[in-house]
Every structure is written in C-alpha cells, then in structure tokens.
Amino acid sequence: MTTPLLEIQDLRVAFHHRGRAIDAVRGVTLQLNRGEILGIVGETGSGKTLTGLAMLQLVPSPGVVTASKLTFDGIDLLDLNRAGMAALRGKRISMIFQDPATSLNPVYTIGTQIDAVLSVHTDLDRNARREEALARLVEVGLPDPQRVFDTYPHQLSGGMQQRVMIALALAGDPEVLVADEPTTALDVTIQAQILTLLDRLRRQRGLAIILISHNLGVVSQTCDRVALMYAGSLVEEGKTDEVLQTPAHPYARALIASMVRSGHRKEPLKVLSGSGPAPGTIPTGCAFAPRCVMRVDRCLTDTPELIQFGERSVACLRAHEELVHD
Amino acid sequence: MTEELLSVSGLIKEYRNSSGAPIRALDGVDLTLSRGSTLAVVGESGCGKTTLARSILGAVTPTSGSVRFQGEEISSLRGSALRQVRARLGFVQQNPATSLDPRMRVADIIAEPIRAHGLVREGQLTQQVAELAELVSLRPAVLQQRPMELSGGQAQRVAIARAIALRPELIILDEPTSALDLSVQAQVLNLLLELQHQLSLSYLLISHDLDVVEHLSDTIAVMYLGRIVEKGATEELSRSANHPYTSALFSATPSLDPAARRKRIVLTGDVQSSLLDMQGCSFRSRCWLWEKLGEPAVCAESQPLLIQKSSEVLAACHFSEQVALAAPSGFNET
Amino acid sequence: MTTSQMRRISKGLNLRPPRMPWVLRALRYDVSGMIGLFIVAAAVMCALFAPWLAPHPDQGRGVPNILAKLQPPGAHYLLGTDEMGRDILSRIIFAARPSLLMALAVVAIGVIVGVPIGAVAGYFGGWLDEALMRVTDIFLAFTPLLLAIFLASALGPGTGSAVVALGVSWWPWYARLARAQAASLRSRPFVEAAQVIGVRSPTILRRHIIPNLTSPVIVQATLDLSSVILVASGLSFLGLGVQPPTADWGVMVSDGRTYFLGFPWYAAFPGLAIIIVSIGFVLLGDGLRRAFDVKPTEIVL
C-alpha cells in the first residue's frame, strides 16, 4: 500500500490571546492519499478552516500549531523553516479560498498574477510563461483565455474568478490542493461547474484534494472520504457514502437527521437542540455531550479517543455499541 | 371569488447601466400568493428575486406594473400611506448578525415595529414583547441581551419575532436560513412552519436553496434574468420540470443521495454570457435542451411566453414537453 | 461570563459591543493605551483637585510671592518660580482646568453641531446632502487662528471668543466624519429593516444612525482634544485666549518666553505639560480605536 501523501497526527492549533488560551483545533488525526478527495466538514467554530491552514503553515499569529506528526510526502512540515515552507507552497501543496473576489489582487490583470506565480515556481522565460499561463486558463475551462489574460478580476464573474484562482493554485503543478469552501459564495449552477472541474482536474493530474465545507451535499457529491469535525475535534471519518448514509457518531446522526429531505414537505424536522460551544469555552469530557441524546455520566469526564473500525473512525465513548449494532 | 392576498402583474423595473443602456432587473413579472400559503421565488444572482422582494416592500419603485396587496394597489405609495402598508408586511432578512441593530437590546428590537406605529402604550409593551418571545421560543433572559451575545439561531428568532410583532398577514423571507449553521437550520424551519400554522401567515420565500424551498413552499416561481421561466405547484415542479433551467437548478443542487449523483446537468457559461445574447430566448446560450435538440431556430427568433403547460404549472419554453423526457431522470425523488 | 459570551465568534456574530466596561478591559492589555489613559487621568485629576494637589495653592491661583521670584527648580519650589515668585508646579496644576475645559468645550461644540448635520446629510443624500456639505465646506475654509483673531477684535479677547472661534473651525470635520458613517450605515440591513418596519426617518436617525456613529466619533474627539490643546495653547500664547491672572499652559509659555535665556524652566515646564497631555490624548485615542476594532482572531475562527 502506498504511503499517504499527507499525514497528520494529533494536530492542535491554539491561540494565546490576552492571557487566555483558546484551543481551536484539539487533536486531529487524518491522512490524504494520492489522487483522493477528502472532505473536512463542520459548522462554524469546528476548526476546519484552521486545520486546512495548518497544512500549509498559514495559521495567522498568535496561533500556534503543534502536532505529533505533520508530514507531506515524508517531509516534516513542523521542522521546515520559512524558506522551506515557502518553496513547498504553490509548488507541491496549494490552496484556494472561499471568496475569489478578495483573493485576487484587484490592481493586477489575471495574466500578471499567473505570471507572478509561474516566475516563482518555474524556470521558464517570459514567452514560455505566457504560453503556460494560457494553457492553465484553458485547463480550468475559461472561454477566450487570451481575453481573460488581459482582464482585471472585477471584470469577471464569480465563477470565472474562482476558475482563475484554481488556475493560479495549479500553476506550480502541485500534488495537493486544499480548497476552503471553494463554492460557498457561488450560485448553485456555477457550483456544479466548479465541482465538476475539480473532479476532472483530479483525474487528469492525479491531484489529491482536501475540500473543506459546511455543505454536506457538496461533500457527498465530490469526496471519496469525509472527516467530520465538532468543536475542534474530529468526531467521525470514513468513506463518504458510508458516513453520510449510516453515520455512527451521535453528532453526525443528529446533523444528518435534521437535514431537509424531499418527500417530507412541511413536516417538522428532527432538531438538534442547543448550540455548539464557542472556542475557548469547551467543557471537560466530550465536547458534544451537553447536546447528545446518547450521553452517559462518563461522557462528561472522559474525552473520547478516535477509534478505528475497519475503514471508519469514530470518537465516541459508546462507539462500540454504535458500530457493532449496525 | 375573493382576491388573492398578493398579486403582482406586469412588474417591470428598469435601470440604466454605466453606458446608459437600459437593463431590466424585472421584465414583466406576474405572480399571485394565496392566503395561508407559501410562494417561493428561486433563482440565482441577477435573476431579479431581490428586486422583486424590494418592490413589494416599497423599497424600490417599479418602472411599471402593479402590486396589489390585500386588495389595495401599493406600488406607487409614498410617505405615510406606505408606512401604513408596511405595518401589515413582515420582513426577515438573510443574516441576523447584520439585520439587528448591534446597539439595541433584544426587547427593544422586537418592540420597534409596535413603537413605530404607536399602537400600544409603554406599559402594555412589555407584555406584548414577552408574548412574542414565547411564540418564537426565546427564553425571557434573552430579552435583555444584545445581538452580539446571541447564537445565530437565537438571533434569527429575534428577527422573526420582530417580523410578526404586528401580526402581519404576509411575511417576506429573504434566504432565512442561508447564513445559519446546519444544525440550526432545522430549528428555524420548524419555527417558520409552526408560526405559519398558528398565526395563519402567508410567506413569500426568496431563496436559492432548493431543499428549503421544497420543504416550505406550496408553489414555486423560477426566475431567470428578470423573467419567470416556470411557476407552479411545488409537488409537480420538483417531480418533473417544464423548463430546462428549472431542471438544471434541481439537478445542480447537491444531495446526500448517492443515486442522484450520476444525473447532474451542468450548464455552461454564466448569467453574464446570457446578457450578451438578447435575441430570442434569454436562456438559449446556456440551454442544454437547445443543444440536445440540434439548436432549433425558433429559440433564436422569439422569446417564449409563460403559458399553461398543465393544470398546475406554467412554463416559458418552446419545448417544455421535452424537458422531462430529455433530462436525466429522477432528480430529487419523492 | 460576559467576556466569553462576547467571544461568540463561532456563531459568526462579529459585532462591536457598545459598552464602556468592555473597552476598559480591552485596554488593559494595550500598553500605550494605558499610558495614554494614565496621563489623561492625571491631567483630569489636576483639573478637578488643583487646590488639594498643588503644593502652593494660592500661588497657583495667582497670588504673587515676589520674594521668591525666578527661583530655579529646588526643594521648596519643585519646578522653580515665575517672575511673580509663584510656584510653577502649582501654576501648571491650576492651569489644567482652563486648558482642559477649553479643549472639551471646543470638541463638544464640534460634535454637537457637526454630527447631526453630517448624519442628516449622509442618511438622506440627494440635494439635502449637497446643500449641507457646501455649507460645511464654507466653514472648513476658516482657519482657526484668523477666525480667533477676528473674533477677539470683535468681541474682545478671552476664553469665550477663543472657544467660539475654535468650535466654528472644528465642527465641519465632525460633519464629514458623521456623513461618511451615516452614508455607509444607510445601506446596512438593520437600517433597511427599520425602514421596512415603517419607522419614521427622524426616529431612524436618532435610534439607529447616531448611536452607531459614536465609536468613530469618540476616537476622533479624543484625538482632537490633543490638537485643540495645542491650538488653544497657541491662541493663549498670542494673548487671544485665557486672560491673566488665570493661567493656562499657553499663557505660561508665552510669559516664560521673555525670561527664557536666563531662566529656561519658566517656559520649558508648561511647554512639557502641553506636549505630555497632548501625547496622552493621542495614545488614548489610538487605544480606543484599537479597542473598538474587530479582532483578527475572531475573523479567522
């Protein structure tokens, strides 16, 4: 079996702000294999964005990243200095963000921006770079790449801007792409286009993708595996269809059960009561316990570890009962 | 037969773009909403649904056309006549973080409509506000807090309490759950359904989320570039569309069902590309059906009219019967 | 509990809290802001409790003490004495009151006149906005100094005419600030919600627009206090502000000027007082601005 491309063990991100420590990511263990699309799903405050940022060592200060293992293709990311990490970013691991309008520099043309990336990561001369840039724009499905090359970001629609972002991210020919809510700001038909594009790129380039999202539908449609986060911890992980059709963790079950389903128009939905803890105010024991229908006494004192059951992992003290039962 | 609660006809709203050319945000919209029911207006950016909502609320004056509410023409009202009508309309906005004044206490936010129309003496106000809080399941302690201290779900409930404060007959909901976390959406949707039942409310739901639309609405109107391209009963529309845009929308909505995955229609281009092409049907340049049928000439010649296709549905397409047949079958099974 | 409630960033509510106690707590970690607060507090204490704080209160008030005239700083007169033998430290302490009062009065005029004008202009837009802004522009053209000289010659020199002159020159800045804020607030969803509810415009201005303007106005006012103290000192230096025997720092620097070569402490110490208090207000204002701003960590999470 091939070694995973990205290996993360016990990732923690903490912010020390004004004398208080806020643990935003509390021990996440994941891996990404070549050519795989892994979804990281969670609601606001789950820590999913920071997990993605940590993979590129882009966590803003005063955030501190620690892990027992954080390697990319065998390279220890925690050990790298700034120059080392900068060499990796864009060249081997890349990232795209939610709002393309704010991620693109408004005062430079698209062509200039792609050229900038290419000049950092390749040795091509000016003309070769232009050819390469146009090829990238074609690859992401932009019609009339010559024209797009000379336009400014604000002249493009949201969907086209996101395609440009993807082109920029792939300019250095990376092996991993971290996509943080890439379609949240887009219309649903444009979203379908972008997700189809990502899948095509995965197949054509052997690209591995981490898709961070709060939209279970998007994840269901695109990802091979999914990891669900709650209050900074990983609560369930496994093959997408398995996790979403037969969730094991009580949070996953409650969340999926509360979703709108066709064929039950106007019927009351099953509600997951209460609300998640704010970062920094997480109680002892299991973070989900206060809202959990399966809670028992020890859930308030013991912190659940991630336990593996074949291809699935669940972090619940009563996990055995769940999966054996299923 | 009694007149419908809300009836919009021939509504046109024209703007001028930077080069002076006219752009129609609304290009002849006809809709009706019956008492006690929910009409959803769906579409993507640039379709005109927001302009439509604003025209009904009086925030935007239409270029021409009529909006009749409770039997009264409201599209040209100004000043105090408009204020009177506004007392009978409720409005819930998308993001509760920005739709509530951060400096006001929840109790004052909910009381604002009542105070604005001077309907109740200060003494009785406390009781009314307490009743409203209870209707939306807000604990009394929340009344003294400020929006920043509330969770997303609580804040949206405050917005809903404010919208029903004067017991309006019609509430306009602009993407009421889009800004909320998944686990909270169910709470708010349940509340909206319950209130509709309890207070005999009618809803005009503006949304791009087809799952929510299917769940809440009785009728759906699908808009594209300022026109309604299809409208009819939710049940029927979701089972089989009569306009290629409708079927594309439903198909593009991601679902958890693995079976739905294989059958996606992916449109090419975007709204911008449609604008460049003003001859004939405004959807043509992105229309998958037009391609599939070998690019029939009629689509480039005339804009299809919105006509009755079945007892429950109207659609604006020259080939609407083909839509259900040609589309990948069975999106959103019941 | 309130602190962590306020950190409910995970719910995506990212609003600036309006309460002062939060601001003071936030300032606690802001060193320069605290220094500013300290300095300003010290100046305010001097203004309020001069008779008890000054080592020689009578001299501070202006009672001469000729025998001790022009003494250098020493054990008895910590900062030396002036040409009338009065303790300079005491004079500086007593001078805090007129200096601060003048500064406060000017800024108050600026805010009370400027903010409503700007808010109305920004909220309504259109011809009202144009008209009000042109009026504002006219007043912007007046330089404080020229206006002060003109008013002094018309009404007689004194604190009153100085305050009026400065106030008239200052309010346009607040009008502009308020207008920009009001124009941006006008399109915010909660203002739109109020309009749709049917709230009347004056009420919207009073309950929604103006209260949400206060943060930038407070920051600007604090920074302006610093500027006004400098300009007011300048006016007093020219003899257009405070009249003897009342002391304010500007007058003291002016009087000390004549004796500067032999007895530098006379002008230096009041000058230092002006600088330090000015800096204090600037540091405090910057600290307040930082405290009112949204924290970056909240956005990230």
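This short talk walks through chain B as a whole, then a contact between two chains, a helix pair and some strands.

Please keep in mind that this is a predicted model, in which local features need pLDDT of at least 70 and side-chain atom pairs count only at pLDDT 80 or more, while totals for chains, interfaces and linings use all residues. Residues are numbered from 1 along each chain as its sequence is written, and chains are lettered from A, with ligands numbered from 1, in the order in which they are written.

Let me begin with chain B, which has 14 helices and 12 strands; helices here are DSSP runs of H or I with at least four residues, strands are runs of E with at least two, and both are numbered from the N terminus. The C-alpha trace of chain B spans about 70 × 45 × 45 Å along its principal axes. Its radius of gyration is 21 Å, which agrees with the value near 20 Å for a compact globule of 334 residues, where the radius is taken over C-alpha atoms and the globule rule is 2.2 Å times the number of residues to the power 0.38. Of those 334 residues, 54% count as buried, meaning that 20 or more other C-beta atoms, placed from the backbone, lie within 10 Å of the residue's own.

Turning to the contact between chains, chain A contributes 34 residues and chain B contributes 37, with two residues in contact if their C-beta atoms, placed from the backbone, lie within 7 Å. On the side of chain A that touches chain B, the elements giving two or more residues are helix 8 (188–205), helix 9 (216–222) and helix 10 (240–245) of chain A, and helix 8 gives the most, with seven residues.

In chain C, the axes of helix 5 (residues 88–124) and helix 13 (residues 265–292) come within 10 Å and cross at roughly 30°; these axes are lines fitted to C-alpha atoms over the stretch in contact, with angles running from 0 to 180 degrees between N-to-C directions. From helix 5 of chain C, C:Ile88, C:Ile92 and C:Ala95 meet C:Trp265, C:Tyr266, C:Phe269, C:Pro270 and C:Ala273 of helix 13.

Back in chain A, eight strands form an open sheet of mixed pairing, in the order 7-8-9-3-10-11-13-12, and two strands pair if DSSP finds at least two bridges between them. Strand 7 (93–96) and strand 12 (307–309) of chain A each have a single partner strand, so one side of each is left without a neighbour in the sheet. Strand 7 runs parallel to strand 8 (residues 176–180) of chain A, joined by four bridges, and A:Ile93 has A:Val176 as its bridge partner. Helix 7 (residues 158–170) of chain A lies across both of these strands, at about 165° to strand 7.

My last example is strand 5 (residues 69–72) of chain A, so which of its side chains are buried? A:Leu70 and A:Phe72 point to one face and are buried, whereas A:Lys69 and A:Thr71 point to the other and are not. Strand 5 pairs in the antiparallel sense with strand 1 (residues 6–17) of chain A over four bridges, where A:Ile8 stands opposite A:Leu70. Strand 5 also forms a hairpin with strand 6 of chain A, with two residues between them, and A:Asp73 in the turn has a positive phi of about 50°. Across that hairpin, A:Phe72 has A:Ile75 as its bridge partner in strand 6.

Definitions and conventions
Buried ≥ 20, exposed ≤ 12 C-beta atoms within 10 Å, placed from the backbone.
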